[in-house]
Amino acid sequence: MKAITPFTPFSGLTTLRREMDRLFDRFSEFELPDLRWSGEWAPALDVSETRDAIVVKAEVPGIDPSQIEVTLEEGLLTIKGEKTEEKEAKEEQVYRKERVYGAFARAIRLPAAVDAAKVDATFKNGVLTVTLPKTPAAKGKTIQVKAA
């Protein structure tokens, strides 16, 4: 007579996790002291809309506001800039370099018509906020319903 073995469908997951941890540990043993991130990157954006305006917020920490260009053309808002790497003359051993540098450009098609003459861009604590007031036509009109 055979012994009944219990059904344990997830029992192998612990072993699999241990093997995956060992695999990733092997990759971390390689030394890449001169690994640098370069090229294009894209700041994170939030786009929101109220009845009166569209607001775009972009995270651009470490960038001088004078190095940011904001343009609006035919309903397309474009934010461009460049984040340059801070270089020091002293000798140092770099163990990890995760911050990204280089040029960036983000373009957002606006969901409504805006008044380009009233667009406002502010920069505070590494966040660029572009407020784009809607045109009167884009705000719509509330029509009062009259009883007959």
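The legends below accompany close-up views of a predicted model.

**Figure 1. Overall course of the chain in the predicted model.** Two helices and seven strands make up the secondary structure of the chain. Along the sequence these elements follow the pattern α-β-β-β-β-β-β-β-α. The chain has 148 residues, of which 20% are buried. Among the contacts with a separation of 6 or more, 58% are between residues 24 or more positions apart. The strands are shown in the following views as two open sheets, one with the order β1-β2-β7-β6 and one with the order β3-β4-β5.

**Figure 2. The open sheet of four strands, in the order β1-β2-β7-β6.** The pairing in this sheet is antiparallel. Strands β1 (45-49) and β6 (120-124) stand at the edges; each has a single partner strand, so one side of each is left without a neighbour in the sheet. On average, neighbouring strands of this sheet are turned by 15 degrees against each other, direction ignored. Strands β2 and β7 are joined in the antiparallel sense by seven bridges, while five bridges join β1 and β2, likewise in the antiparallel sense.

**Figure 3. The hairpin formed by β1 and β2.** Three residues lie between the two strands of the hairpin. Across the pairing, V47 stands opposite V56 of β2, and E49 stands opposite I54 of β2. Strand β2 is mostly covered, with five of its seven residues buried.

**Figure 4. Surroundings of A53 in strand β2.** The relative accessible area of A53 is 11%, and this residue is therefore buried, the limit being under 20%. Its bridge partner in β7 is P133. The contacts of A53, not counting residues up to four places away in sequence, are S48, T131, L132, P133 and K134. For one of these residues, T131, the C-alpha atom is separated from that of A53 by 6.7 Å, although the two residues are 78 residues apart along the chain.

**Figure 5. The largest nonpolar core, with 17 residues.** The members that touch the most other members are I54, V56, L77, I79, L128 and L132. Two or more residues of this core come from each of the elements β2 (53-59), β4, β5 and β7 (127-133). In soluble globular proteins, nonpolar side chains tend to be buried together. A close view of V56 shows contacts with L45, D46, V47, L77, I79, I108, L128, T129, V130 and L132, not counting residues up to four places away in sequence. V47, one of these contacts, is also the residue that stands opposite V56 in the pairing of β1 with β2.

**Figure 6. The open sheet of three strands, in the order β3-β4-β5.** The strands of this sheet pair in the antiparallel sense. The edge strands, β3 (68-73) and β5 (102-109), each pair on one side only. Neighbouring strands are turned by 15 degrees against each other on average, direction ignored. Six bridges join β3 to the antiparallel strand β4 (residues 76-83). Within this pairing, L72 has L77 of β4 as its bridge partner. L77 is also among the residues that touch the most other members of the largest nonpolar core.

**Figure 7. Surroundings of K83 in strand β4.** With a relative accessibility of 14%, K83 counts as buried, because this value is under 20%. Not counting residues up to four places away in sequence, K83 touches W41, P61, G62, I63, V100, Y101 and G102. The charged end of K83 sits over the ring of Y101, at 5.8 Å from the centre of that ring. As for pairs between aromatic rings, the count for the model comes to zero.

Technical notes:
Residues are numbered from 1 along each chain as its sequence is written. This is a predicted model: local features need pLDDT of at least 70, side-chain atom pairs count only at pLDDT 80 or more; totals for chains, interfaces and linings use all residues. Side-chain values use heavy atoms; hydrogens and water are left out. Two strands pair if DSSP finds at least two bridges between them. Axes are lines fitted to C-alpha atoms, for helices over the stretch in contact, and angles run from 0 to 180 degrees between N-to-C directions. A nonpolar core is a set of buried Ala, Val, Leu, Ile, Met, Phe, Trp, Tyr and Cys residues joined through side-chain atoms within 4.5 Å. Buried means under 20% relative accessible area, exposed over 50%, partly exposed in between (1.4 Å probe, protein chains only). Contact means heavy atoms within 4.5 Å. Rings of Phe, Tyr and Trp (its six-membered ring) pair if their centres lie within 6.5 Å; planes under 30 degrees apart count as stacked, over 60 as edge-to-face and the rest as tilted. A charge sits over a ring if NZ of Lys or CZ of Arg is within 6 Å of the ring centre and within 35 degrees of the ring normal.
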